[in-house]
Amino acid sequence: MKNLAIIIIVILAVLSTGALFTVKEGERAIVIQFGKVQRDDASGETRVFEPGLHFKIPFIDTVKKLDARIQTLDDQPDRFVTSEKKDLIVDSYVKWRIEDFATYYLSTGGNKLQAEALLKQKVNNGLRSEFGTRTIAQIVSGERTALMDSAMEQASTSSNELGIAIVDVRVKQINLPTEVSNSIFQRMRAERAAVAREHRSEGQEQAEVIRADIDAKVTVMLAEAERNLRQVRGEGDALAAQIYADAYSQNAEFYSFLRSMDAYVQSFNSKQDILVVEPDSEFFRFMNSKNGRSDN
C-alpha cells in the first residue's frame, strides 16, 4: 500500500506539473488540442493566453508560445523598376506584429523566419507596384511618403491572411545599381571636365586681354616717364648752364679757378691713378702760379 501511495503521489505530481504552463511578458500562448487550435466555447474565438500561470490538459493539450511584441523585418535591399524602366536598389524595413495568433500559427507554423519570408514577399509586391507607377524624379522628390503609405496599405490587406498586422513600412535608402551609377558618374565627370575646359579657356582669353592691356599701359607710362625725365633733365641742364654762365660773367678768373680745383679733385681722387702731363701745361696753371694767381 505504501508503494502504491508513492506511485499515486508521483503520478499526481507529474500530472499537476504537466497541467501548468507559464506565459512570459511580451508573449501570448495558444493551445493545440487534437491538431486544432483551442477556441472559446461561448464566442468561438481563439483562446489566447495572456502573461501569467495557466492550466491545460496534460498529454492532450500542446501549448504554442508566440512573441506578441512588434517585430522588425530589415532584410537585404531589393531591385525595383520605375515607370521609366529604370532599375533602383531600395533598402526598406517593415514593422509588424501578430494580430491573429491562430491564423498566424496555421499559416506559418509559428516559425518567425517563414512568416518574415512570406511577409517580405507581400511587402515587396506592394512596393513594386508603387515604384512601377512613378518616375525616379517623383520618387526622390516628394512622393516617398505617399509611396510608403500606399505600399503599407496594400501589404496590410494581403498580410491579413498571415494573421499579421503591419505597423509601418519605411524606405531607408534608394540607390541606383552599380553599373548605372558608374555610367552616370562617367557622364557627369565628362560634363564637368567639358565645363572646366570651357571656363579655363575663357579665363586664359581674359588673362591675355588683361595682360595686353597692362602691357600697353606700362608702355605708355614708361614713355611718359622717359619724356618727363628728358624734359626735367633738359631743364636742369639749361638751369645749370645758366648758373655757370652767370657765375662766369661775374668773375671769370674765380670761375676758372673753381673749375680747375674740381678738375684736380677728380683727377687725383685715387692714389692708384697715374697722370702723365707736362708740368707747364695749361692744366697746372694754378699750381704753377704764385699765391694762386697766374703769371699772366
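Which residue in strand 8 stands opposite glutamine 71? Keep that in mind as we walk through this structure, which is a predicted model.

## Strand 8 and its partners

Here's the reply: glutamine 71 faces tryptophan 96 of strand 8. That pair belongs to a wider match-up, in which strand 6 (residues 71-73) lines up with strand 8 (residues 87-98) in the antiparallel sense, with 3 bridges between them.

Strand 8 has other partners too. Take strand 7 (residues 78-81): it runs antiparallel to strand 8, and 4 bridges join the two. If you want a spot to look at, find aspartate 78, which sits opposite valine 90 in strand 8. Strands 7 and 8 make a hairpin, with 5 residues between them. In that turn, look for lysine 85, whose phi is positive at about 65°.

Then there's strand 9 (residues 164-175), which pairs with strand 8 over 10 bridges, again in the antiparallel sense. One bridge links isoleucine 98 to isoleucine 164 in strand 9.

## A cavity inside

How many cavities of 30 Å³ or more are there? The count is 1, and the space in this largest cavity comes to about 60 Å³.

So who lines it? The residues are Leu73, Asp75, Ser92, Tyr93, Val94, Lys120, Val123 and Asn124. Strand 8 turns up again here: both strand 8 and helix 3 (112-131) give at least two residues to the lining.

## Two residues, two settings

Is isoleucine 32 buried or exposed? You'll find isoleucine 32 in strand 2. Its relative accessibility is 10%, and because buried means under 20%, isoleucine 32 counts as buried. Now look along the chain to lysine 64, which is 32 residues away from isoleucine 32. In space, the C-alpha atoms of these two residues are 7.4 Å apart.

Phenylalanine 34 gives you the other setting. Its place is the loop between strand 2 (27-33) and strand 3 (36-37). With a relative accessible area of 68%, phenylalanine 34 is exposed, since that label applies over 50%.

## A nonpolar patch on the surface

Phenylalanine 34 also has some company. Together with Ile57, Phe59 and Ile60, Phe34 forms a nonpolar patch on the surface. Taken together, the four residues Phe34, Ile57, Phe59 and Ile60 have about 480 Å² of accessible area.

Terms used
Residues numbered from 1 in each chain as written. Predicted model: local features only at pLDDT ≥ 70, side-chain atom pairs only at ≥ 80, totals over all residues. Heavy atoms only, no water. Patch = residues over 30% accessible without salt bridge, like charges linked within 9 Å, V, L, I, M, F, W, Y side chains within 5 Å. Areas by Shrake-Rupley, 256 points an atom, 1.4 Å probe, with all protein chains shown as cover. Salt bridge = Lys/Arg side-chain N within 4 Å of Asp/Glu carboxyl O. Helix = DSSP H or I, 4+ residues; strand = E, 2+ residues; numbered from the N terminus. Buried < 20%, exposed > 50% of the residue type's maximum accessible area, 1.4 Å probe, protein only. Pairing = 2+ DSSP bridges. 1 Å grid on protein atoms, 1.4 Å probe; cavity = no way out; pocket = protein on both sides within 12 Å on 5 of 7 lines; lining within 4 Å. Points joined across faces, edges and corners; volume = space filled by probe spheres on them.
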